[in-house]
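Here is a short note for a colleague opening this structure for the first time. Please keep the 3D view at hand while reading.

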Amino acid sequence: MPERNVVIGSSSGLHARPASLFVQAAGRQPVAVTVGRPGERAVDARSMLSVLALGAKHGETLVLAAEGKGADAALDELTALVAADHDATESA
């Protein structure tokens, strides 16, 4: 199963707007994607409540995983989304 480790780029962490963007993008993928902290149980990346419940903060590492046709492309897109600083683009 392909996985990607990614450091959260948004200064507010994976909360509110960045989480919403992530969940929407995960829902558009042709494969199911999970997200979680290394060594912990992963959650469905399409669930806003589950993603918010992670309480993921700026600078923390998350593990994204997916399986099936298109998994690598899905993970590449979602990894870039999590690594981006959405707070900087809001105020720019």
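The points below go through the sheet, its helices and a cavity.

1. Status of the model. This is a predicted model. Every value below is computed from it.

2. The sheet. Start with the overall strand order. Four strands form an open sheet, in the order β1-β4-β2-β3. Their pairing is antiparallel. The edges are held by β1 (3-7) and β3 (43-44). Each of these two has a single partner strand, so one side of each lacks a neighbour in the sheet.

3. From β1 to β4. Follow the order from the β1 edge. β1 and β4 (residues 61-66) run antiparallel and are joined by five bridges. For a landmark, find N5, which stands opposite V63 in β4.

4. From β4 to β2. How many bridges join β2 to β4? There are four, and these strands too run antiparallel. V63 is worth finding again here. In this pairing, G36 stands opposite V63 of β4. V63 thus faces N5 in one pairing and G36 in the other.

5. From β2 to β3. Two bridges join these antiparallel strands. One pair to look for is V35 and its bridge partner in β3, V43. The two strands make a hairpin, with six residues between them. In the turn, G39 has a positive phi of about 80 degrees.

6. Around V43. This residue lies in strand β3. Which residues does V43 touch, apart from its neighbours within four places in sequence? The contacts are V33, T34, V35, S50, V51 and L54. V35 is on that list and is also the bridge partner of V43. F22 makes a useful reference point: 21 residues separate it from V43 along the chain, and their C-alpha atoms are 13 Å apart.

7. The two helices. α1 and α3 pack with their axes 10 Å apart, at an angle of about 175 degrees. An angle over 145 degrees counts as roughly antiparallel, so α1 is roughly antiparallel to α3. Which residues meet? α1 brings L21, F22, A25 and A26, while α3 brings E77, L78, L81 and V82. Seven residues of this contact are nonpolar, none is polar and one is charged.

8. The cavity. A search of the whole structure finds one cavity of 30 Å³ or more. The largest cavity holds about 40 Å³ of space. Its lining consists of I8, S10, G13, L14, P18, F22, L81, V82, A84 and H86. Two elements, α1 (16-27) and α3, give two or more residues each to this lining. Seven of the lining residues are nonpolar, three are polar and none is charged.

9. Linking helices and cavity. Look once more at F22, L81 and V82. They take part in the contact of α1 with α3. They also appear in the lining of the largest cavity.

How values were computed:
Residues are numbered from 1 along each chain as its sequence is written. This is a predicted model: local features need pLDDT of at least 70, side-chain atom pairs count only at pLDDT 80 or more; totals for chains, interfaces and linings use all residues. Side-chain values use heavy atoms; hydrogens and water are left out. Two strands pair if DSSP finds at least two bridges between them. On a 1 Å grid over the protein atoms alone, a cavity is a set of points where a 1.4 Å probe fits but cannot get out, and a pocket is an open set with protein on both sides within 12 Å along at least five of seven lines; lining residues have an atom within 4 Å of a point. Grid points are joined across faces, edges and corners, and a volume is the space filled by probe spheres set on the points. Ala, Val, Leu, Ile, Met, Phe, Trp, Tyr, Cys and Pro count as nonpolar, Asp, Glu, Lys and Arg as charged, and the others, Gly among them, as polar. Contact means heavy atoms within 4.5 Å. Axes are lines fitted to C-alpha atoms, for helices over the stretch in contact, and angles run from 0 to 180 degrees between N-to-C directions. Angles under 35 degrees count as roughly parallel, over 145 as roughly antiparallel, 65 to 115 as roughly perpendicular and the rest as oblique.
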